[in-house]
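Colleague: Hi, could you walk me through this chain? I'd like to start with the overall picture and then go into the packing.

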Amino acid sequence: MARSEVVVDLSALRHNVALLAGLAPAAETMAVVKADGYGHGAVEVARAALEAGATWLGSCSTPEALALRAQGIQAPILAWLDSPDEDLAAGLAAGVDMSVSSLSGLRRIEAAAEEADARPRLHLKIDTGLSRGGCLPRDWPELVEAASRHEVVAIWSHLASADDIGDPSIDLQAKRFDDAYQVARSLGLDPMRHIANSAAVLTRPDLHFDLIRPGIALYGLNPVPTDHDLRPVMTFRSQVVGVKRIPAGESVSYGMTWTARRDTNLALVPTGYADGVPRALSGRMEVFLEGRRRPVVGRVCMDQVVVACGDDEIAEGAEVVLFGDGRGGEPTATEWAELTGTIDYEIVCGMYRPRVRRIYT
Ligand SMILES: *Cc1c(COP(=O)(O)O)cnc(C)c1O
(Lines give C-alpha, C1' and ligand atoms only; values in the text may rest on other atoms or scores of the structure.)
Protein backbone atom coordinates (compact mmCIF):
# COMPACT_ATOMS: atom_id res chain seq x y z
CA MET A 1 0.00 0.00 0.00
CA ALA A 2 1.18 3.52 -0.77
CA ARG A 3 1.46 6.13 2.00
CA SER A 4 -1.81 7.60 0.81
CA GLU A 5 -4.12 5.77 -1.49
CA VAL A 6 -7.44 6.50 -3.10
CA VAL A 7 -9.34 3.35 -4.02
CA VAL A 8 -11.98 3.90 -6.70
CA ASP A 9 -14.69 1.25 -6.76
CA LEU A 10 -15.79 1.14 -10.38
CA SER A 11 -18.51 -1.40 -9.64
CA ALA A 12 -20.12 1.14 -7.29
CA LEU A 13 -19.79 3.73 -10.03
CA ARG A 14 -21.49 1.44 -12.55
CA HIS A 15 -24.25 0.77 -10.03
CA ASN A 16 -24.80 4.52 -9.60
CA VAL A 17 -24.83 5.18 -13.34
CA ALA A 18 -27.41 2.45 -13.91
CA LEU A 19 -29.53 3.77 -11.05
CA LEU A 20 -29.48 7.34 -12.39
CA ALA A 21 -30.09 6.29 -15.99
CA GLY A 22 -33.02 4.20 -14.75
CA LEU A 23 -34.59 7.26 -13.16
CA ALA A 24 -34.69 8.95 -16.56
CA PRO A 25 -35.66 6.17 -18.96
CA ALA A 26 -36.66 8.57 -21.75
CA ALA A 27 -33.39 10.51 -21.59
CA GLU A 28 -29.80 9.74 -22.42
CA THR A 29 -27.20 10.06 -19.68
CA MET A 30 -24.17 12.34 -19.83
CA ALA A 31 -21.62 11.30 -17.23
CA VAL A 32 -19.95 14.48 -16.02
CA VAL A 33 -16.26 13.70 -15.65
CA LYS A 34 -14.80 17.19 -15.33
CA ALA A 35 -11.95 17.88 -12.91
CA ASP A 36 -10.50 14.45 -13.59
CA GLY A 37 -13.77 12.77 -12.79
CA TYR A 38 -14.29 14.71 -9.54
CA GLY A 39 -10.92 13.39 -8.42
CA HIS A 40 -11.70 9.77 -9.33
CA GLY A 41 -9.89 9.64 -12.70
CA ALA A 42 -11.75 10.84 -15.79
CA VAL A 43 -10.69 8.11 -18.20
CA GLU A 44 -11.50 5.18 -15.92
CA VAL A 45 -14.75 6.75 -14.80
CA ALA A 46 -15.75 7.54 -18.38
CA ARG A 47 -15.15 3.97 -19.51
CA ALA A 48 -17.07 2.49 -16.60
CA ALA A 49 -19.94 4.95 -17.02
CA LEU A 50 -20.24 4.12 -20.73
CA GLU A 51 -20.30 0.41 -19.90
CA ALA A 52 -23.09 1.02 -17.40
CA GLY A 53 -25.40 2.89 -19.76
CA ALA A 54 -24.17 6.46 -20.11
CA THR A 55 -23.94 7.54 -23.75
CA TRP A 56 -22.45 11.02 -23.35
CA LEU A 57 -19.57 12.55 -21.41
CA GLY A 58 -19.32 16.03 -19.98
CA SER A 59 -15.97 17.78 -19.62
CA CYS A 60 -15.29 21.25 -18.43
CA SER A 61 -12.78 22.23 -21.10
CA THR A 62 -11.61 21.14 -24.53
CA PRO A 63 -8.28 19.86 -23.12
CA GLU A 64 -10.21 17.66 -20.69
CA ALA A 65 -12.27 16.33 -23.59
CA LEU A 66 -9.16 15.72 -25.68
CA ALA A 67 -7.62 13.74 -22.83
CA LEU A 68 -10.56 11.33 -23.15
CA ARG A 69 -10.29 11.16 -26.94
CA ALA A 70 -6.55 10.46 -26.58
CA GLN A 71 -7.46 7.28 -24.69
CA GLY A 72 -9.68 6.15 -27.54
CA ILE A 73 -13.01 7.16 -26.06
CA GLN A 74 -15.42 7.78 -28.95
CA ALA A 75 -18.66 8.75 -27.19
CA PRO A 76 -20.04 12.24 -27.72
CA ILE A 77 -18.37 14.71 -25.36
CA LEU A 78 -19.53 18.21 -24.52
CA ALA A 79 -16.96 20.81 -23.37
CA TRP A 80 -18.45 23.94 -21.87
CA LEU A 81 -15.80 26.32 -20.59
CA ASP A 82 -12.63 27.24 -22.45
CA SER A 83 -10.31 30.18 -22.23
CA PRO A 84 -10.50 32.52 -25.24
CA ASP A 85 -7.14 31.37 -26.59
CA GLU A 86 -7.89 27.65 -26.33
CA ASP A 87 -7.09 25.54 -29.42
CA LEU A 88 -10.68 24.82 -30.36
CA ALA A 89 -9.62 23.51 -33.76
CA ALA A 90 -8.06 20.50 -32.04
CA GLY A 91 -11.32 19.91 -30.21
CA LEU A 92 -13.42 20.20 -33.34
CA ALA A 93 -11.09 17.90 -35.25
CA ALA A 94 -11.57 15.35 -32.47
CA GLY A 95 -15.34 15.68 -32.69
CA VAL A 96 -15.88 17.45 -29.38
CA ASP A 97 -19.29 19.15 -29.04
CA MET A 98 -19.00 22.77 -27.97
CA SER A 99 -21.09 25.03 -25.83
CA VAL A 100 -21.92 28.49 -27.13
CA SER A 101 -23.05 31.36 -24.92
CA SER A 102 -22.33 34.40 -27.07
CA LEU A 103 -21.75 35.65 -30.59
CA SER A 104 -18.06 36.15 -29.82
CA GLY A 105 -17.83 32.53 -28.70
CA LEU A 106 -19.61 31.44 -31.86
CA ARG A 107 -17.13 33.39 -33.97
CA ARG A 108 -14.20 31.69 -32.26
CA ILE A 109 -15.71 28.29 -32.98
CA GLU A 110 -16.42 29.26 -36.60
CA ALA A 111 -12.81 30.36 -37.09
CA ALA A 112 -11.57 27.15 -35.54
CA ALA A 113 -13.93 25.10 -37.70
CA GLU A 114 -12.48 26.69 -40.80
CA GLU A 115 -8.96 25.98 -39.58
CA ALA A 116 -9.80 22.36 -38.76
CA ASP A 117 -12.04 21.93 -41.78
CA ALA A 118 -14.60 20.43 -39.41
CA ARG A 119 -18.32 20.91 -38.89
CA PRO A 120 -19.03 22.16 -35.37
CA ARG A 121 -21.70 20.54 -33.22
CA LEU A 122 -23.15 23.21 -30.97
CA HIS A 123 -25.00 23.25 -27.66
CA LEU A 124 -26.45 26.72 -27.18
CA LYS A 125 -26.47 27.71 -23.54
CA ILE A 126 -29.21 29.93 -22.16
CA ASP A 127 -28.63 31.72 -18.87
CA THR A 128 -31.86 31.02 -16.99
CA GLY A 129 -30.74 32.64 -13.75
CA LEU A 130 -27.43 31.24 -12.56
CA SER A 131 -25.70 34.28 -14.10
CA ARG A 132 -22.53 32.38 -14.83
CA GLY A 133 -22.08 31.25 -18.45
CA GLY A 134 -24.94 31.30 -20.90
CA CYS A 135 -26.67 33.79 -23.12
CA LEU A 136 -29.15 36.21 -21.55
CA PRO A 137 -32.71 35.91 -22.85
CA ARG A 138 -32.58 39.30 -24.56
CA ASP A 139 -29.59 38.23 -26.71
CA TRP A 140 -30.91 34.71 -27.30
CA PRO A 141 -32.85 35.14 -30.56
CA GLU A 142 -29.83 36.72 -32.24
CA LEU A 143 -27.52 33.94 -31.03
CA VAL A 144 -29.91 31.18 -32.10
CA GLU A 145 -30.31 32.77 -35.49
CA ALA A 146 -26.57 33.12 -36.00
CA ALA A 147 -25.95 29.55 -34.84
CA SER A 148 -28.73 28.03 -36.89
CA ARG A 149 -26.60 27.66 -40.01
CA HIS A 150 -24.56 25.10 -38.06
CA GLU A 151 -25.62 21.86 -36.45
CA VAL A 152 -27.37 22.86 -33.23
CA VAL A 153 -27.40 19.62 -31.26
CA ALA A 154 -29.01 21.02 -28.13
CA ILE A 155 -30.02 23.96 -26.06
CA TRP A 156 -29.06 23.72 -22.45
CA SER A 157 -28.82 25.49 -19.12
CA HIS A 158 -27.66 24.93 -15.56
CA LEU A 159 -29.63 25.19 -12.31
CA ALA A 160 -28.62 27.34 -9.36
CA SER A 161 -30.48 25.68 -6.48
CA ALA A 162 -31.64 22.26 -7.59
CA ASP A 163 -30.32 20.84 -4.32
CA ASP A 164 -32.81 23.02 -2.42
CA ILE A 165 -35.93 20.96 -3.11
CA GLY A 166 -38.93 23.16 -3.88
CA ASP A 167 -36.93 26.36 -4.20
CA PRO A 168 -38.95 28.70 -6.46
CA SER A 169 -35.88 29.49 -8.54
CA ILE A 170 -36.08 25.98 -10.03
CA ASP A 171 -39.48 26.61 -11.59
CA LEU A 172 -38.42 30.07 -12.70
CA GLN A 173 -35.37 28.63 -14.45
CA ALA A 174 -37.52 25.90 -15.98
CA LYS A 175 -39.90 28.54 -17.34
CA ARG A 176 -37.08 30.58 -18.85
CA PHE A 177 -35.62 27.40 -20.31
CA ASP A 178 -38.91 26.63 -22.00
CA ASP A 179 -39.15 30.17 -23.35
CA ALA A 180 -35.69 29.75 -24.87
CA TYR A 181 -36.73 26.44 -26.36
CA GLN A 182 -39.82 28.00 -27.93
CA VAL A 183 -37.62 30.67 -29.51
CA ALA A 184 -35.37 27.99 -30.97
CA ARG A 185 -38.40 26.10 -32.29
CA SER A 186 -39.85 29.22 -33.82
CA LEU A 187 -36.56 29.74 -35.64
CA GLY A 188 -36.87 26.30 -37.16
CA LEU A 189 -34.62 24.27 -34.86
CA ASP A 190 -35.45 20.96 -33.21
CA PRO A 191 -32.67 20.65 -30.63
CA MET A 192 -32.26 18.30 -27.70
CA ARG A 193 -32.71 19.90 -24.27
CA HIS A 194 -30.66 19.32 -21.13
CA ILE A 195 -30.67 21.06 -17.76
CA ALA A 196 -30.68 18.39 -15.02
CA ASN A 197 -27.68 18.04 -12.70
CA SER A 198 -27.65 15.28 -10.07
CA ALA A 199 -30.09 17.01 -7.75
CA ALA A 200 -32.59 17.53 -10.55
CA VAL A 201 -32.12 13.97 -11.80
CA LEU A 202 -33.07 12.74 -8.33
CA THR A 203 -35.95 15.12 -7.63
CA ARG A 204 -37.31 16.69 -10.84
CA PRO A 205 -38.28 14.12 -13.47
CA ASP A 206 -40.06 16.92 -15.36
CA LEU A 207 -36.62 18.42 -16.04
CA HIS A 208 -34.95 15.31 -17.42
CA PHE A 209 -35.80 16.20 -21.05
CA ASP A 210 -33.56 14.42 -23.60
CA LEU A 211 -30.31 14.20 -21.66
CA ILE A 212 -29.43 14.25 -17.96
CA ARG A 213 -26.08 15.52 -16.67
CA PRO A 214 -25.33 13.91 -13.32
CA GLY A 215 -21.95 14.54 -11.74
CA ILE A 216 -21.69 14.08 -8.00
CA ALA A 217 -24.31 11.32 -7.84
CA LEU A 218 -22.25 9.17 -10.22
CA TYR A 219 -19.64 9.16 -7.51
CA GLY A 220 -22.20 8.01 -4.98
CA LEU A 221 -22.62 11.27 -3.10
CA ASN A 222 -26.18 12.52 -2.83
CA PRO A 223 -26.69 16.31 -2.93
CA VAL A 224 -30.30 16.03 -1.73
CA PRO A 225 -31.82 14.29 1.30
CA THR A 226 -33.39 11.41 -0.60
CA ASP A 227 -32.84 7.73 0.13
CA HIS A 228 -31.70 6.64 -3.32
CA ASP A 229 -29.26 3.75 -3.09
CA LEU A 230 -26.18 5.67 -4.23
CA ARG A 231 -22.86 4.08 -3.25
CA PRO A 232 -19.82 6.26 -2.53
CA VAL A 233 -17.12 5.29 -5.00
CA MET A 234 -14.00 6.65 -3.31
CA THR A 235 -12.14 5.28 -0.30
CA PHE A 236 -9.15 7.15 1.10
CA ARG A 237 -6.77 4.98 3.06
CA SER A 238 -3.30 4.81 4.49
CA GLN A 239 -1.50 2.53 6.89
CA VAL A 240 0.18 2.60 10.25
CA VAL A 241 3.92 3.19 9.97
CA GLY A 242 4.79 3.41 13.65
CA VAL A 243 3.36 2.65 17.08
CA LYS A 244 4.41 3.79 20.51
CA ARG A 245 3.03 4.14 24.02
CA ILE A 246 3.24 7.56 25.64
CA PRO A 247 2.86 8.16 29.36
CA ALA A 248 0.03 10.23 30.81
CA GLY A 249 0.78 13.94 30.59
CA GLU A 250 2.63 13.82 27.26
CA SER A 251 1.21 15.85 24.37
CA VAL A 252 0.90 15.20 20.66
CA SER A 253 1.82 17.12 17.49
CA TYR A 254 2.49 20.80 16.77
CA GLY A 255 1.30 23.17 19.44
CA MET A 256 0.76 20.25 21.82
CA THR A 257 -2.99 20.76 21.57
CA TRP A 258 -3.82 17.28 22.89
CA THR A 259 -2.46 15.73 26.07
CA ALA A 260 -2.82 12.09 27.09
CA ARG A 261 -4.81 11.76 30.31
CA ARG A 262 -3.51 8.23 30.81
CA ASP A 263 -0.85 6.06 29.24
CA THR A 264 -1.89 5.72 25.60
CA ASN A 265 -0.89 3.79 22.51
CA LEU A 266 -0.41 6.00 19.48
CA ALA A 267 -0.38 4.99 15.82
CA LEU A 268 1.46 7.18 13.32
CA VAL A 269 -0.25 7.45 9.92
CA PRO A 270 1.74 8.95 7.03
CA THR A 271 -0.90 11.12 5.41
CA GLY A 272 -1.59 14.79 6.05
CA TYR A 273 -2.85 18.01 4.60
CA ALA A 274 -0.54 17.71 1.58
CA ASP A 275 -2.36 14.45 0.83
CA GLY A 276 -5.87 15.82 1.19
CA VAL A 277 -6.59 15.64 4.93
CA PRO A 278 -7.92 19.13 5.75
CA ARG A 279 -5.92 20.71 8.57
CA ALA A 280 -9.23 22.15 9.73
CA LEU A 281 -10.11 18.61 10.87
CA SER A 282 -7.45 18.82 13.60
CA GLY A 283 -9.00 17.66 16.83
CA ARG A 284 -12.27 16.76 15.08
CA MET A 285 -11.65 13.70 12.95
CA GLU A 286 -11.67 9.97 13.38
CA VAL A 287 -10.25 7.17 11.28
CA PHE A 288 -11.24 3.53 11.02
CA LEU A 289 -8.46 1.28 12.29
CA GLU A 290 -8.49 -2.31 13.56
CA GLY A 291 -12.25 -2.70 13.69
CA ARG A 292 -13.37 0.66 15.02
CA ARG A 293 -13.27 4.41 14.77
CA ARG A 294 -10.47 6.09 16.68
CA PRO A 295 -9.69 9.78 17.12
CA VAL A 296 -6.89 11.60 15.37
CA VAL A 297 -5.29 13.58 18.18
CA GLY A 298 -3.39 16.85 17.94
CA ARG A 299 -2.94 18.82 14.76
CA VAL A 300 -3.05 17.38 11.27
CA CYS A 301 0.47 17.86 9.85
CA MET A 302 1.60 18.20 6.26
CA ASP A 303 2.56 14.54 5.94
CA GLN A 304 1.14 12.73 8.95
CA VAL A 305 -1.46 12.36 11.64
CA VAL A 306 -1.42 10.56 14.99
CA VAL A 307 -4.22 8.27 16.13
CA ALA A 308 -4.97 7.53 19.80
CA CYS A 309 -5.59 3.82 20.35
CA GLY A 310 -5.95 3.52 24.12
CA ASP A 311 -4.55 0.18 25.25
CA ASP A 312 -5.13 -1.59 21.93
CA GLU A 313 -2.09 -3.14 20.34
CA ILE A 314 -1.90 -1.91 16.77
CA ALA A 315 0.37 -3.58 14.24
CA GLU A 316 2.64 -1.62 11.96
CA GLY A 317 1.21 -1.89 8.47
CA ALA A 318 -2.40 -2.01 9.65
CA GLU A 319 -4.82 -0.40 7.20
CA VAL A 320 -6.26 3.00 8.16
CA VAL A 321 -9.42 4.15 6.39
CA LEU A 322 -9.75 7.94 6.44
CA PHE A 323 -13.04 7.96 4.57
CA GLY A 324 -15.05 5.43 2.63
CA ASP A 325 -18.63 4.52 1.83
CA GLY A 326 -19.51 4.40 5.52
CA ARG A 327 -21.03 0.94 5.40
CA GLY A 328 -18.29 -0.52 7.58
CA GLY A 329 -18.62 2.32 10.09
CA GLU A 330 -15.82 4.45 8.68
CA PRO A 331 -16.17 8.21 8.19
CA THR A 332 -17.40 9.48 4.81
CA ALA A 333 -16.38 12.37 2.57
CA THR A 334 -19.75 13.91 3.39
CA GLU A 335 -18.89 13.82 7.09
CA TRP A 336 -15.58 15.56 6.40
CA ALA A 337 -17.42 18.22 4.42
CA GLU A 338 -19.88 18.85 7.23
CA LEU A 339 -17.05 19.12 9.76
CA THR A 340 -15.10 21.60 7.64
CA GLY A 341 -18.00 23.71 6.37
CA THR A 342 -17.85 22.69 2.73
CA ILE A 343 -19.51 20.19 0.37
CA ASP A 344 -18.37 16.67 -0.38
CA TYR A 345 -17.71 17.72 -3.98
CA GLU A 346 -14.71 19.70 -2.73
CA ILE A 347 -13.44 16.85 -0.58
CA VAL A 348 -13.31 14.28 -3.40
CA CYS A 349 -12.04 16.76 -6.03
CA GLY A 350 -9.28 17.63 -3.57
CA MET A 351 -8.01 14.06 -3.64
CA TYR A 352 -6.56 14.61 -7.11
CA ARG A 353 -2.93 14.95 -6.03
CA PRO A 354 0.35 13.55 -7.31
CA ARG A 355 1.24 12.32 -3.83
CA VAL A 356 -1.86 10.19 -3.60
CA ARG A 357 -1.84 6.94 -5.52
CA ARG A 358 -5.11 6.04 -7.17
CA ILE A 359 -6.10 2.42 -7.69
CA TYR A 360 -9.21 0.88 -9.20
CA THR A 361 -11.26 -2.11 -8.13
C1 LIG B 1 -20.67 20.09 -12.75
C2 LIG B 1 -21.79 20.21 -13.67
C3 LIG B 1 -22.83 19.26 -13.69
C4 LIG B 1 -22.96 18.17 -12.67
O5 LIG B 1 -23.38 18.73 -11.46
P6 LIG B 1 -23.62 17.79 -10.18
O7 LIG B 1 -24.20 18.70 -9.17
O8 LIG B 1 -22.27 17.30 -9.79
O9 LIG B 1 -24.51 16.72 -10.62
C10 LIG B 1 -23.78 19.38 -14.67
N11 LIG B 1 -23.73 20.37 -15.57
C12 LIG B 1 -22.77 21.32 -15.56
C13 LIG B 1 -22.79 22.39 -16.56
C14 LIG B 1 -21.78 21.26 -14.60
O15 LIG B 1 -20.82 22.21 -14.60
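Modeller: Happy to; we can go from the whole chain to the sheets and then to the helices. One thing to say up front is that this is a predicted model.

Colleague: Noted. How many helices and strands are there in the chain?

Modeller: The chain has 11 helices and 19 strands. Its C-alpha trace spans about 80 × 45 × 35 Å along the principal axes.

Colleague: And what share of the residues is buried?

Modeller: Of the 361 residues in the chain, 50% are buried. As for contacts between residues at least 6 apart in sequence, 66% of them join residues at least 24 apart.

Colleague: OK, sheets next. What is the strand order in the sheet of eight strands?

Modeller: That one is an open sheet with the order E8-E7-E6-E5-E4-E3-E2-E9, and its pairing is parallel. Strand E8 (192-194) and strand E9 (211-212) each have a single partner strand, so they stand at the edges with one side left without a neighbour in the sheet.

Colleague: Can you zoom in on one pair? How many bridges are there between E4 and E5?

Modeller: Two bridges, in the parallel sense. For a landmark, take Leu-78, whose bridge partner in E5 is Asp-97.

Colleague: Which strands does H4 lie across?

Modeller: H4 lies across E3, E4 and E5, and it runs at about 160 degrees to E4.

Colleague: Let's stay with that helix. Which residues of H4 are buried?

Modeller: Helix H4 covers residues 62-70, and the buried ones are Thr-62, Ala-65, Leu-68 and Arg-69. These residues are on the same side of H4 because they cover an arc of only 120 degrees around its axis.

Colleague: And what covers the buried residues of H4?

Modeller: The cover includes helix H3 (42-51) and helix H5 (88-93), along with strands E3 (56-59), E4 (77-79) and E5 (97-100). After H4 comes Gly-72, which has a positive phi, near 85 degrees.

Colleague: H3 came up there. Which of its residues are buried?

Modeller: In H3, the buried residues are Ala-42, Val-43, Val-45, Ala-46, Ala-48 and Ala-49. Their cover includes H1, strand E2 (28-32), helix H2 (34-38), E3 and H4. A glycine with positive phi follows here too: Gly-53 comes after H3, with phi near 125 degrees.

Colleague: At what angle do H1 and H3 pack?

Modeller: Helix H1 (residues 10-23) and H3 pack at about 50 degrees, and their axes are 8 Å apart. That angle makes H1 oblique to H3. From H1, the contact is made by Leu-10, Leu-13, Arg-14 and Val-17, and from H3 by Glu-44, Val-45, Ala-48, Ala-49 and Glu-51.

Colleague: Is that crossing left-handed or right-handed?

Modeller: The H1 and H3 crossing is right-handed.

Colleague: What about H7 and H8, at what angle do they pack?

Modeller: Helix H7 (residues 140-147) packs against helix H8 (residues 168-186) at about 40 degrees, with the axes 10 Å apart. That makes H7 oblique to H8, and their crossing is right-handed. Trp-140, Pro-141 and Val-144 in H7 meet Ala-180, Val-183 and Ala-184 in H8.

Colleague: Back to sheets, then. What is the strand order in the sheet of nine strands?

Modeller: It goes E11-E14-E17-E16-E15-E18-E10-E1-E19, an open sheet with mixed pairing. Strand E11 (242-246) and E19 are the edge strands, each pairing on one side only. On average, neighbouring strands of this sheet are turned by 35 degrees against each other, direction ignored.

Colleague: Which strands does E1 pair with, and in what sense?

Modeller: E1 runs parallel to strand E19 (residues 357-360), with four bridges between them. It runs antiparallel to strand E10 (residues 234-239), again with four bridges. On the E19 side, Val-8 has Tyr-360 as its bridge partner, while Glu-5 is partnered by Arg-237 in E10.

Colleague: Which way do the residues of E1 point, and are they buried or exposed?

Modeller: Glu-5 and Val-7 point one way and Val-6 and Val-8 the other, and all are buried. Such alternation between the two faces of the sheet is what side chains do in a regular strand.

Colleague: One last pair: how many bridges join E15 to E18?

Modeller: Two bridges join strand E15 (residues 286-289) to strand E18 (residues 319-323), and the strands run antiparallel. Phe-288 has Val-321 as its bridge partner in E18.

Methods. Residues numbered from 1 in each chain as written. Predicted model: local features only at pLDDT ≥ 70, side-chain atom pairs only at ≥ 80, totals over all residues. Heavy atoms only, no water. Buried < 20%, exposed > 50% of the residue type's maximum accessible area, 1.4 Å probe, protein only. Pairing = 2+ DSSP bridges. Arc of directions from axis to C-beta. Contact = heavy atoms within 4.5 Å. Axes fitted to C-alpha atoms, helices over the stretch in contact; angles between N-to-C directions. Parallel < 35°, antiparallel > 145°, perpendicular 65-115°, else oblique. Left-handed = near helix turned anticlockwise from the far one by under 90°.
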